[in-house]
Amino acid sequence: MATTQKLLQFRQPEKSYDVIIIGGGLHGLATAYYLARYHHVKRIAVLERRYIGSGGSGRNTEMVRSNKRAHETLPFYKECLAMWDGLSAELEWNLMVQKKGLIALAHSDPELASMRMQSDSQRRAGIEIAMLSPEEIKKMVPSLDISDRPALPVVGAQYHPEGGTVHHDAALWGYAKAAARHGVDICVGVEVTGINIQGGKVTGVDTNVGHIAAPQVHAAVGGYSSEIGRMIGMNFPVTTFPMQVMTTDVMAPFLDHYVASPRLHFYTQQTLKGDLILGGHLDPWQSWNSYTTWEEASERAFKILEYFPDLAHARIVRTWSGLCDCTLDSAPVMGGVGIDGLSLDVAWGYYGFKSTPGCGKYSAEYIATGQMPEKIKPFALDRFYNRQLVREIIL
Amino acid sequence: MAFLINCPNCGRRNPYEFKFGGECKNAPEQGADMKAWCDYLFFNENKPGFQDEWWYHAMGCGDWLKIRRNIATHEIIEE
């Protein structure tokens, strides 16, 4: 039944807060929620310059998974994936969590070998993973062409049964509503223009609606971390690349799993609505422009038709792109920057969505206790100076 | 295609022929400390607006070239 009740009451910021979170995306709202609910911080503001979820939170491909490689980060990604399970109940909001399984196709023996090696690391970390033969894949995805017809035939796959999808808008509003219920002020249209630092300590932020004082500022700004860097006079270890995503028109259900090809940079899933989401890879050059291109769309169409020839009638009806802040080691930057009271949760590249619950939980813990939680220690900024880069492979 | 790159050897070409090589940065002097090298290697200005950057003409002449491109609008300034 239609309701005229607003889902969420946005607020005007007050003059001072205990914690200010810059960025009203999934990470920022999740951090606010965990801070208010589990660390009992009373006065929290989330400042968003556009609308909530206007950045990467509204521009991702809804994929959740933990099939990364670097052993020091696997416990974190594993926990993030597990946290999605209980979230609908905790936030009292259906996030449409669907652990439908992720099938990553291999097209050559070396690639298969690399996937086996990766699977071993993951299994050691307690992540459920299996290798599949083409025949086994065919049983799960009957529409997939496993013949020799494609230029790069399917020779096997890595199956990650815990991987799947979560509805990104549902997650965003779930966290926003839950945060607001616990007394967080969510302020949209408030753009942070500067961070005030006195004697190496954060004192507040300047915004388009005036100065707001706070002893603790947390930046969860997705693809805009370099702007925060400029406010505090430093460079960040990131380069911004756009990622283009496309959807087709709605069709009858035929695809039960998330199918990806890491080698060819494409992945697809059929949403509950029936359209296919076609994801890809970063654009090949740095850009702050969330444009979409004919080249990417045609590339995506070509690749999916190689493996799903029955889709020749499908049309791409919508495209969008989002900005990804990528570090050289495919790992994010979390924790402090050497300024008292300023913490970061940035540089999440194209794997920020799936990590949302863990980022919120551990960013909140870091803000509340001042101690870097064990699970996010590998993501500290000083790893770039201590020769402790995360040994992640690009996936 | 978002823009064309003017290669000194091959003329104006499709950017998909090139490999993006990142923003131009000044390498530290010889004998610089480790921090300077880490800053040079890993940290970027990454600022919307015009920047000098490296491109490699992989599917063309095989030369490295520098261009000045606005990374927010993809406008290129040719000298």
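**Exercise 1. The chain as a whole**

Task: What percentage of the contacts in chain A with a separation of 6 or more is accounted for by residues 24 or more positions apart?

Solution: The model is a predicted one, and in its chain A such residues account for 75% of the contacts with a separation of 6 or more. As a next step, consider the overall dimensions: for 395 residues a compact globule would have a radius of gyration near 21 Å, and because chain A has 21 Å, the two values agree. The C-alpha atoms fill a box of roughly 65 × 55 × 40 Å along the principal axes, and 51% of the 395 residues count as buried. The chain contains eight helices and 19 strands.

**Exercise 2. One helix and its two sides**

Task: Work out how many Å helix α3 of chain A should span, and then find which of its residues are buried.

Solution: Begin with the length, since α3(A) covers residues 109-124, which is 16 residues, and at 1.5 Å a residue these should span 22 Å; the end C-alpha atoms are 23 Å apart, which agrees. Next, look for the buried residues of α3(A), which are A:M115, A:S119 and A:Q122. They cover an arc of only 60° around the axis, and therefore they lie on the same side of α3(A). The general reason is that an α-helix has 3.6 residues a turn, so residues three or four places apart point the same way. On the other side of α3(A) the exposed residues include A:D109, A:M117 and A:R124. As a last step, the buried residues of α3(A) can be traced to what they pack against, namely α2 (74-91), β4 (102-106), β5 (130-132) and β6 (156-160) of chain A. Just after the helix, A:G126 takes a positive phi of about 85°.

**Exercise 3. A sheet of three strands**

Task: In the open sheet of β9, β10 and β11 of chain A, determine which strands stand at the edges.

Solution: The order of the strands is β9-β10-β11, with antiparallel pairing. In chain A, β9 (192-198) and β11 (210-213) each have a single partner strand, so one side of each is left without a neighbour in the sheet, and these two are the edges. Neighbouring strands of this sheet are turned by 25° against each other on average, direction ignored. Between β9(A) and β10(A) (residues 201-207) there are six bridges, and A:Q198 has A:K201 in β10(A) as its bridge partner.

**Exercise 4. A hairpin**

Task: Describe how strands β18 and β19 of chain A are joined.

Solution: Strand β18(A) (residues 333-336) runs antiparallel to β19(A) (residues 342-346), and four bridges join them. A:G336 stands opposite A:S343 in β19(A). Five residues lie between the strands of this hairpin, in which A:G338 takes a positive phi near 85°.

Technical notes
Residues are numbered from 1 along each chain as its sequence is written. Chains are lettered from A and ligands numbered from 1 in the order in which they are written. This is a predicted model: local features need pLDDT of at least 70, side-chain atom pairs count only at pLDDT 80 or more; totals for chains, interfaces and linings use all residues. The radius of gyration is taken over C-alpha atoms; the globule rule is 2.2 Å times the number of residues to the power 0.38. A residue is buried if 20 or more other C-beta atoms lie within 10 Å of its own, exposed if 12 or fewer, and partly exposed in between; C-beta atoms are placed from the backbone. Two residues are in contact if their C-beta atoms, placed from the backbone, lie within 7 Å. Two strands pair if DSSP finds at least two bridges between them. Axes are lines fitted to C-alpha atoms, for helices over the stretch in contact, and angles run from 0 to 180 degrees between N-to-C directions. The expected span of a helix is 1.5 Å times one less than its number of residues. The arc is that of the directions from the helix axis to the C-beta atoms.
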